[in-house]
Amino acid sequence: MAFERFSSSASSFWLGNDFDTNFKTGDSVDYTKLAAAQRAIANFVNIVTGKNIPVEFQSTDSSYTDGKKVVIGTKLDGADFDPAVGLALHEGSHIAHTDFKSLKNFSATVRMHGVDPDMNMTESDEMIIKDLLNWIEDRRIDYIIYKTAPGYRPYYEAMYDKYFNNSVIDRALRDGVKSNETLDDYFFHIINFTNPNRNLDQLELLRDIWNLIDLKNISRLTSTNDCLSVACEIYKKLKKHINEQQVQSQPNPNQQNAEQGDGGSETDSSVDSSIDDTSNTSEVDDDSNNTLSARQQKMLDKAMQEQRDFLNGEQKKRGKLSKVQAQTIKSIQEAGTEIVPVKVGNTIIDTVVINKLTSGIIDSFPELFAHRNQAKGNQATILEGIRLGKMLGRKLQLRNEDRSLKTTRLQTGKIDRRLISELGYGNVGVFHKIVTDRYKDYTIHISIDASGSMWGEKFRNALISAVAIAQAASMTTGIRVQISVRGTANIGSKTEKSVTIVAYDSARDKISKIRNLFGYLCTFGCTPEGVAFKSIEKQILHAAKGTECIFINYSDGYPTSMSGMYADPVEYTRRVINGFKEIGISVISYFITNYNNDLTTFRRMYGSDAVNINPCNMTEVSKSMNKKFLELSK
């Protein structure tokens with residue numbers, strides 16, 4: 001089944017139309033895609049906040065920000081992606097801009113802002129102040145993001161549409177359902193000030209509070225403490241007003257006694273009349289516009305609770321990971337695993353690139369690696385490669401030597417002190433120049449075919465040769481070596497994907513990594529060739545950074561077609577290799593076989609640089625590499 005491409009107006013702009021949020025295929029979950037989405041969201045958060053804030057998937061039922069990290073749910077499919085990004089940005093912005101330390105002793109802090117202890121502030125009242133603060137702080141932070149990163153505004157709008165905007169809220173605002181002079185009703189209207197259905201005349205103090213918050217000039221609030229001051233002023237104003245309302249609503253005992261008189265029958269009649277009036281009023285209200293049905297009231301209560309949860313950072317985020325799943329995602333992230341879309345004709349083929357070989361990725365994807373006992377058995381192969389590499393390295397150590405030529409008695413250059421005395425005799429040739437001849441720097445990327453047909457001696461020989469080159473390069477200067485293996489596997493889906501594992505990079509890894517982990521490398525799947533090469537093209541160019549770049553291929557056959565690939569795989573590989581050469585990447589391709597094969601098709605893909613050699617013969621390897629070095633030095 002073809003992947004469903006996500007074309008949200010927000011995400012597609014930043015991620016491209018090839019970003020795929022279809023994380024499930026049947027009952028399986030593609031954790032590589034899920035990890036890629038997590039990394040994309042983390043990048044958004046880091047860009048917007050300017051800080052390296054961790055973004056993690058939740059592994060419990062609730063999710064919150066602790067002032068140090070952002071937690072997201074795993075339900076990111078399709079239309080859920082933009083709101084998830086918006087929420088992550090929102091929480092990350094709080095980490096960057098909210099002063100959590102000043103809010104630790106909240107009761108004492110609000111009293112410092114003039115909240116009178118004699119008001120007998122309850123825990124419920126304190127929560128009202130916290131909610132008011134959170135809402136005002138949200139407006140302050142939203143303004144900062146809108147101003148500094150306007151391109152991310154659609155994510156915020158998607159977030160508010162999901163967590164805040166609700167048709168039952170709209171109706172309650174329009175129909176004046178919450179119109180009692182109570183803290184609860186005031187709070188409902190205040191936190192919905194941004195709703196276009198707001199009505200500032202619904203309650204007596206609403207317009208004053210609107211002016212006190214002054215949303216149009218929210219930038220005047222430059223800190224969390226400033227927002228708390230406004231929240232406390234609103235609370236004090238509301239508390240005083242509501243207390244006065246309660247006093248006025250209490251009946252006057254003297255007036256009540258005078259109305260009741262001495263007759264018990266009149267009192268009973270009055271009570272009966274009151275009940276009847278209430279009943280009639282209720283019937284009228286049920287038919288009026290400012291009442292809700294029981295079902296609608298339940299929906300309103302739920303929507304209001306969701307708004308409160310949002311303000312308190314207690315949003316119910318869907319989807320969580322088990323302990324094993326969380327470890328898998330962590331391993332994928334640590335290994336820098338990416339989903340790289342490769343365009344083949346009019347088709348997009350998703351490939352997997354594991355940028356670092358780690359113990360975690362070996363444990364998480366056993367289908368790509370040898371078992372522990374097999375890995376121990378492979379150690380002899382790795383040690384043989386290191387032994388041969390040391391032999392080759394001693395020959396390459398000549399590269400470490402600089403050759404300098406000093407030319408004296410010149411008309412320009414640096415003054416040669418030994419000739420200064422000759423100036424008095426009219427000799428002006430007292431200058432010298434030193435020319436130092438150094439070898440060029442090289443980046444060598446070795447790609448090994450790890451398809452099933454390479455199993456056994458061919459794969460061992462390719463590993464020995466690659467390890468030898470890496471060992472030799474570590475003994476000299478100016479040569480960066482990367483080693484990758486490629487094959488195909490069903491990772492997270494029923495579709496077989498090209499998988500490339502960058503097992504070693506001398507820029508970040510030591511030879512000890514080869515000793516410890518290369519034994520786990522083994523063959524898997526089929527031969528992706530051109531698709532695999534194209535998936536790492538950008539990484540190779542980035543690693544080269546202007547140095548001479550050589551791409552060395554070890555393979556024993558010809559590429560196979562892949563799911564969704566309608567182009568001739570041999571022709572596509574030829575075009576990719578020619579593309580490498582056009583952008584300055586030199587190519588050497590070793591054809592590894594146990595018998596004498598026709599190289600016609602092989603040379604069609606790789607050109608005249610395709611050779612059939614014994615990769616364990618370091619003399620043959622060094623001759624072919626030196627030939628390429630000489631070509632590049634011209």
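1. A parallel pairing is a good place to enter this predicted model: strand E6 is joined by 3 bridges to strand E12 (residues 497-505), and the two strands run parallel. Within this pairing, valine 353 stands opposite threonine 500 in E12.

2. Strand E6 also pairs with strand E5 (residues 338-344), here through 7 bridges and in an antiparallel arrangement. In this pairing valine 344 stands opposite threonine 347 in E6. The hairpin that E5 and E6 make has 2 residues between the strands, and in it glycine 345 takes a positive phi near 65 degrees.

3. How enclosed is strand E6 (residues 347-354) by the rest of the structure? Of its 8 residues, 7 are buried, and strand E6 is therefore largely enclosed by what surrounds it.

4. Seen as a whole, the sheet to which these strands belong is open and is formed by 8 strands, in the order E5-E6-E12-E11-E10-E13-E14-E15, with mixed pairing. Its edges are taken by E5 and strand E15 (610-611), each of which has a single partner strand, so that one side of each is left without a neighbour in the sheet. Helix H2 packs on the sheet and touches E5, E6 and E12, while its direction makes about 105 degrees with that of E5.

5. Further along the order of strands, strand E13 (residues 548-555) and strand E14 (residues 585-591) run parallel and are joined by 7 bridges. A reader who wishes to locate this pairing may look for isoleucine 550, which stands opposite serine 586 in E14. Helix H18 (residues 457-474) lies across strand E10 (442-449), strand E11 (479-489), E12 and E13, and runs at about 155 degrees to E11.

6. Helix H14 (residues 323-334) deserves a separate look, beginning with its length: at 1.5 Å a residue, its 12 residues should span 16 Å, and the end C-alpha atoms are 16 Å apart, which agrees with that expectation. Just after H14, glycine 336 takes a positive phi of about 65 degrees.

7. Which residues of H14 are buried? They are Thr328, Ile329, Ser331 and Ile332, and because they cover an arc of only 160 degrees around the axis, they lie on the same side of H14. As background, an α-helix has 3.6 residues a turn, so residues three or four places apart point the same way. The buried residues of H14 pack against helix H2 (31-49), strand E3 (55-57) and helix H15 (359-364); of these elements, H2 has already been met as the helix that packs on the sheet.

8. Serine 331, which has its place in helix H14, shows this packing at the level of one residue. With a relative accessible area of 1%, serine 331 is buried. If its neighbours within four places in sequence are left aside, serine 331 is in contact with Gly360, Ile361 and Ser364. The C-alpha atoms of serine 331 and isoleucine 361 are separated by 5.3 Å, although these residues are 30 residues apart along the chain.

9. Some overall values complete the picture. The protein has 24 helices and 15 strands, and 48% of its 634 residues count as buried. Among contacts between residues at least 6 apart in sequence, 70% join residues at least 24 apart. The protein exposes about 31700 Å², of which carbon and sulfur atoms supply 48%.

Terms used. Residues numbered from 1 in each chain as written. Predicted model: local features only at pLDDT ≥ 70, side-chain atom pairs only at ≥ 80, totals over all residues. Heavy atoms only, no water. Helix = DSSP H or I, 4+ residues; strand = E, 2+ residues; numbered from the N terminus. Expected span 1.5 Å × (residues − 1). Buried < 20%, exposed > 50% of the residue type's maximum accessible area, 1.4 Å probe, protein only. Arc of directions from axis to C-beta. Contact = heavy atoms within 4.5 Å. Pairing = 2+ DSSP bridges. Areas by Shrake-Rupley, 256 points an atom, 1.4 Å probe, with all protein chains shown as cover. Axes fitted to C-alpha atoms, helices over the stretch in contact; angles between N-to-C directions.
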